[in-house]
Amino acid sequence: MKKVHVLVLKAFIKPFIVTFFIVMFVLLMLFLFKYIDDLIGKGFEWYVILQLLWYASATNVAMALPLSMLLSSIMTFGNLGESYELVAIKAAGISLRKAMMPLIIFVMLFSTGAFFFSDYMLPIANLKMGSLLYDVRQKKADFLITEGVFNNSIPNYSIRAMDKSNDGTLLHNLTIYEHAQGSSGTNVLMAEEGKMYDAPDPNYMILELKNGVRYEEQSGSKVYNPRQLFTRYYFEQTEQRFDMSDFQMKRTDENLFKSHYAMLNLRQLDYYADSIQHYNDSLRTTVIREIIPYYRVYNQYQPFKIENTSPVTFENSTLELIPDDSKTQAVSEASNQVRYIQDVLTLKATTDAEFSTSIRRYLMEYQRKFTLSVVCLVFFSIGAPLGAIIRKGGLGLPVVMAIIFFLIYYVISTLAEKSAREGNIDTTLGMWTAIIVLAPLGVFLTYKAATDSALFDVEQYKTIVKKTWRKIQKPFKRKAR
């Protein structure tokens with residue numbers, strides 16, 4: 001038994017590690033394709049890109065783990081079945097359940113570790129990646145001069161160079177328009193040559209200009225000298241200093257992102273959901289108190305006394321109680337009150353919907369901590385018996401079967417989560433729908449594998465169809481006789 005257990009464990013662990021890194025690589029490539037426009041041309045250091053990929057790989061574990069678990073379990077038992085090792089194990093009197101028991105325990109422990117990872121490590125990874133990705137997307141592209149084209153990247157300046165050196169530091173036939181505050185926008189600087197280099201302060205760049213002229217036009221005093229003042233300077237060499245602080249990557253305080261639902265653990269999710277729920281309930285109670293004074297019927301235009309205790313009655317509307325010369329004013333004031341009530345209710349309804357959506361997000365993320373662990377168990381219960389039934393190893397049929405089942409899970413999960421976010425179904429049901437649908441399939445496949453059922457044997461199905469067709473034809477043949 002020990003040799004069988006060691007055989008099964010070794011046969012599973014190696015494919016699991018390989019498939020996990022393959023799936024992780026594919027997901028990282030998808031991540032790069034998604035944000036490639038935000039990374040190219042911004043001059044990031046190599047460690048920034050590496051750091052971003054490291055955090056992205058940690059956040060992709062939630063998708064890579066179930067898929068690699070499904071694929072590796074199909075490959076493992078498909079290889080064992082294809083090489084007749086499962087037949088040898090069963091011939092030795094060892095049932096499939098007993099042979100798989102250590103592997104089942106290993107998968108259960110692994111799923112428990114996945115739960116702790118999703119509760120403790122995943123929120124931190126989401127926080128680090130979210131804040132870093134925000135800063136990466138906010139950073140401006142590097143200042144690059146294209147020949148013959150005005151560059152407006154530097155605030156308040158438009159720069160054009162008709163020619164430049166191969167390294168881009170030496171520019172020829174420069175034209176610089178200055179749009180600084182307080183200027184008329186007509187300040188122009190022209191030079192035959194310019195050389196760019198960094199200042200000692202990394203937030204500034206210096207452009208050393210040679211053989212040029214500077215034109216400045218300023219408005220005179222509105223009282224004493226209202227004429228335009230035009231100035232022209234010739235120079236052989238001068239320096240123009242540009243503020244490049246907007247091109248530097250600035251790190252945002254991570255505390256600004258900590259309240260996001262994907263960056264919280266179970267305790268924090270429960271706290272935020274409960275706090276928002278209490279606050280939203282308190283807002284709902286204030287709505288009635290705010291609009292109830294406007295739901296009243298009164299007569300301020302013609303006071304009268306009620307001589308008896310019977311209620312005031314009228315045939316058509318309350319306008320009967322108001323004099324004709326005051327009806328227009330009464331209708332106008334009533335319309336204003338109705339509009340006010342509508343505005344209040346619309347504002348409160350929008351606020352209530354936003355808070356309700358936030359609450360559902362927190363509750364869904366709370367359930368996601370558990371679904372990651374359970375879906376690993378469900379995929380193993382599907383993949384292991386499925387591999388034993390199809391008896392095909394390698395990366396051919398197992399990959400196809402794994403993709404099919406994972407797509408089924410992904411589609412069901414996506415649709416159910418969308419309905420839960422919109423409030424059409426309960427958040428708990430929305431997060432567990434895909435597992436509820438696939439769990440019976442895992443039980444069914446496990447039963448079929450334990451009873452040596454040829455579930456994918458085409459010849460067996462042909463035989464069943466032929467027998468069924470013969471039974472259907474018998475009554476008709478007897479009547480024909």
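**View 1. Phe116 and Tyr120 share helix α6.** Both residues lie in this helix, 4 residues apart. That spacing is about one turn of the helix. The model shown here is predicted.

**View 2. Phe12 and Phe106 meet edge-to-face.** A search of the whole structure finds 19 aromatic pairs. One of them joins Phe12 and Phe106. Their ring centres are 6.3 Å apart, and the angle between the planes is 80°. Planes over 60 degrees apart count as edge-to-face, so this label fits the pair. Phe12 belongs to helix α1 (residues 2–34), while Phe106 belongs to helix α6 (residues 96–138). The pair therefore ties together parts that are 94 residues apart in sequence.

**View 3. How accessible are Phe12 and Phe106?** Phe12 has a relative accessible area of 1%. Buried means under 20%, so Phe12 is buried. Phe106 has a relative accessible area of 30%, which makes this residue partly exposed.

**View 4. The rings of Phe116 and Tyr120 are stacked.** Their centres lie 6.2 Å apart. Their planes are at 15°. Stacked pairs have planes under 30 degrees apart, so this pair qualifies. Phe116 is partly exposed, at 42% relative accessibility. Tyr120 is partly exposed too, with a relative accessible area of 48%.

**View 5. Ring pairs build a cluster.** Which residues do the ring pairs link? The members are Phe12, Phe16, Phe20, Phe21, Phe106, Phe110 and Phe380. Phe12 and Phe106, the edge-to-face pair of View 2, are among them.

Technical notes: Residues are numbered from 1 along each chain as its sequence is written. This is a predicted model: local features need pLDDT of at least 70, side-chain atom pairs count only at pLDDT 80 or more; totals for chains, interfaces and linings use all residues. Side-chain values use heavy atoms; hydrogens and water are left out. Rings of Phe, Tyr and Trp (its six-membered ring) pair if their centres lie within 6.5 Å; planes under 30 degrees apart count as stacked, over 60 as edge-to-face and the rest as tilted. Helices (H or I, at least four residues) and strands (E, at least two) are DSSP runs, numbered from the N terminus. Buried means under 20% relative accessible area, exposed over 50%, partly exposed in between (1.4 Å probe, protein chains only).
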